[in-house]
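I opened my notebook today to look at how two chains meet and how one sheet is put together. Here is what I looked up, entry by entry.

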Number of protein chains: 2
Amino acid sequence: MAEQSPITPRAKDFPEWYQDVIRAADLAEPAHVIKGAMVIKPNGYAIWEKIQRELDTRFKATGHRNAYFPLFIPESFLKKEAEHVEGFSPELAVVTIGGGKELEERYVVRPTSETIIGHFFAKWIQTHRDLPMLINQWANVVRWEMRTRMFLRTSEFLWQEGHTAHATHEESLKETLQMLDVYADFAENVMAMPVVKGRKTLNEKFAGAVMSYCIEGMMQNGWALQAGTSHDLGQNFGKAFDVKFQTVEGKSEYVWQTSWGVSTRLIGGLIMTHSDDAGLICPPKLATYHVVIVPIFKNDAERAATTEVARRLAADLKAKDLTVVVDDRDERPGAKYFEWERKGACARIEIGPKDLEKNSFAFKRRDLEKKEFVPMSGGVAHVLAQMDAMQGDLLRRARAFRDAGTKRQDTWDGLKAQMEGPGGFGSAHWCGDGKCEAQVKEETKVTIRCIPLDNPQEAGACVRCGRPSQERVLFARSY
Amino acid sequence: MAEQSPITPRAKDFPEWYQDVIRAADLAEPAHVIKGAMVIKPNGYAIWEKIQRELDTRFKATGHRNAYFPLFIPESFLKKEAEHVEGFSPELAVVTIGGGKELEERYVVRPTSETIIGHFFAKWIQTHRDLPMLINQWANVVRWEMRTRMFLRTSEFLWQEGHTAHATHEESLKETLQMLDVYADFAENVMAMPVVKGRKTLNEKFAGAVMSYCIEGMMQNGWALQAGTSHDLGQNFGKAFDVKFQTVEGKSEYVWQTSWGVSTRLIGGLIMTHSDDAGLICPPKLATYHVVIVPIFKNDAERAATTEVARRLAADLKAKDLTVVVDDRDERPGAKYFEWERKGACARIEIGPKDLEKNSFAFKRRDLEKKEFVPMSGGVAHVLAQMDAMQGDLLRRARAFRDAGTKRQDTWDGLKAQMEGPGGFGSAHWCGDGKCEAQVKEETKVTIRCIPLDNPQEAGACVRCGRPSQERVLFARSY
């Protein structure tokens, strides 16, 4: 068995804990030889595959089709949308040599694909009958980041980017909000990660969008994680790439576009929402390992007997679409428990000679302290029920944490004290002025994560400048 | 309905026909603005998704797990394996600028990942207990190609690359041949494309491999298509990247590696194996559209009646996992038939007022001329049976074509005449000398596609130089 270096406790050093959990669960490792890049190892990639399958099903159910656009984008394309090029220029990787020769026009490695897709939309869209155009792409993208953290911010990451074109702003806004709902539903019901749906401030919106919407989760250190974004692009890219269509009335108009994306960053959010000082905790819907069965034995006869029962039970559980490992290695049971807790197996089953006598097994869920003894006869049903229960419990626990960490703040001192102390979301009034927002960021590193969509209108005073305000926004430190 | 430009007949201009089929079925288009790149459109990407699902299931069933390695590779890595760098250098895209600055070490965009994966294998593999290591990656790769053809040869393409490490050469060779079998099984039983399994000559092997194995299909113009390769890498990359492990006996040895891949090129092979002058023909296991139902009507009452029955039948077929479109657009039925033939729908169903009276429908398979009238009562079963029959018929038809196009040639003149005439595979003796092989290529553009694995040993004389030979090889023009 490989040596198991300890996991730093969350309370001691949260960023260290995060790295330790990734290493202990063998999810990924920094590439080192390529600046800011990482390798996603099989245990981590298995989570991404499940995320992909769940999301892809939802995208198709809402009428989208997958396509694939080039990795390279002519540098001139980015310059066609002024805000877009300003936002992405500092983060670009540039190909200058191809086939041994200096290129006449340099290519950037896509940081996002609005421009190249805009170029093709202009070729594909002629009339209102070509609309809506509903495309999604699963791809890698590159953004040169100075400070990287595995999964959360890497120079290359995997993501999906939806790109759609519509005949009216009403339709494109509806699409933008629909996909935000798809993300929120996925985050809560698959990742068990509660999120706030909201609008970004103009300072924080996507470079080139009219308005950006987001889902924000709260991590266990009180920081916010932007887990997905959906952008109302208006006619900005339509105008930049001349994407016009003939309306029913025969007029020529620019299309209204959206784009929306989530990435391997979600895996970082998953880790920081659920895991503990013993390692990874993963909701059953995304877990790489559902059940580990450890046969307990002191001699070969016991080994044969317990392992046989373990294998039978494993087969029954696999038939229910659970991923099951029978860990019959020559190791102390305690060392196996320790390893599978680190790796985030949702549950552990122990089967020893005494369990065989009683025709039962010991069952322990990864997220609970107690160990139960379960009759073998109803064993499969019990495990399945506990998988469902765990999925629900993780969401409830995370929601309680998030709700407890969200505090109404009516004074600057109060907000500052929260942010310098436990963190979390500070719900406070803001005047709507970007300069005021920028000052807050400069002084405290705290940003406005979003203006929640379900915000009640409420008279108040900006927590920073005192000017009148109509609604509260969420402040937080963020990744 | 969009204007439908004609498809060039195969007999007139095969390469034109190929491009026309891709355009008519809306599978892809050249990117133009990025040298040699293409956009895979939704109809084409849907085929790729089905290919991925089928292969991924087979890879996992043989014990492989997916992972993801960086897109960028330090330029120095390629130079560690002498043959490898020589083979790939002319095809590289190089990133020299990142985040606005000239890079200290330039990165190449991966043309294949043996080197970067070798680097990580060296970190992950310590002892025999870490072996075998069985990894697969689904990814994009870039190879700067001078002459590109959609799907067959593009500067960027999508593929999977398996990379495995083993303790002995016996095991790694077994893996190499196992994956070749997986590819051959997939080609024949999913793509309905018969292939010859064989070894490459040393001139044609992968740069860095000890031996390359391949599957070769025969296209309708008589050219060969290398559809998949599986490489015995020996210890070449193990030595280049110092991937050592401790054996059971405690000795330190280099691992034995394999790599194997198939790409979006398969879609080109699919097209050129089955399609005809009317457009795409696709085996049901990979088809984007299984059944198109066209209601026939002359007035609103007929329209309502036929469309209702069409929708009910469509629902029943969809419940059997078929992809079904009810095409009730305001167009002439003939124009719809024409369009769906071009797009490769496996079958067409027509439902008119007379069919309603008889409680039946008209059914036409894309690959057959005849139209049948099928009672509605057994309609779903008939369609399902015909999908199976079509899958089998396409394979049989392609196999008959391939067998008829494979000719034993015992003289140089005979081989030349075949290659200058109908093409196909020329099965002929070869002395085994790479110089002789190179001369043939220079004079005729014909290459040795493979040395078939099931080759009988047979005394003969090299078709080019007359020296003695023990077995026949397959000569062909190729993509």
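**At the axis**

I began at the middle: B:Val95 is the residue of chain B that comes closest to the rotation axis, at 2.1 Å (C-alpha). A note to self: this is a predicted model, where local features need pLDDT of at least 70, side-chain atom pairs count only at pLDDT 80 or more, and totals for chains, interfaces and linings use all residues. Residues are numbered from 1 along each chain as its sequence is written, while chains are lettered from A and ligands numbered from 1 in the order in which they are written.

**Two copies**

Which turn lays chain B on chain A? I found a turn of 180° with a shift of 0.0 Å along the axis, giving an RMSD of 0.0 Å (superposed by least squares on the C-alpha atoms of residues with pLDDT of at least 70 in both copies). The two copies are thus related as by a two-fold rotation axis. The same surface serves both, since 100% of the contact residues of chain B recur in chain A (contact: C-beta atoms, placed from the backbone, lie within 7 Å).

**Where they touch**

I noted 39 residues from chain B and 39 residues from chain A in the contact. Strand S5 (residues 93–98) of chain B gives the most to its side, with six residues. Strands are DSSP runs (E, at least two residues), as are helices (H or I, at least four), numbered from the N terminus.

I then looked at S5 of chain A (residues 93–98), which pairs with S5(B) in the antiparallel sense over five bridges (pairing needs at least two DSSP bridges between the strands). Here A:Val95 stands opposite B:Val95.

**A sheet in chain B**

Next I looked up an open sheet of five strands, in the order S16-S15-S17-S18-S19 with mixed pairing. Strand S16 (324–326) and strand S19 (371–375) stand at the edges with a single partner strand each, so one side of each is left without a neighbour in the sheet.

Inside this sheet, I followed S15 (residues 291–295) and S17 (residues 347–351) of chain B, which run parallel and are joined by five bridges. B:Val294 has B:Glu350 in S17(B) as its bridge partner.

**Helices across it**

Helix H9 (residues 300–318) of chain B lies across S15, S16 and S17, running at about 165° to S15(B). Angles run from 0 to 180 degrees between N-to-C directions, with axes fitted to C-alpha atoms, for helices over the stretch in contact. Helix H12 (residues 379–404) of chain B lies across S15, S17, S18 (360–365) and S19, at about 5° to S18(B).

Notes: Two residues are in contact if their C-beta atoms, placed from the backbone, lie within 7 Å.
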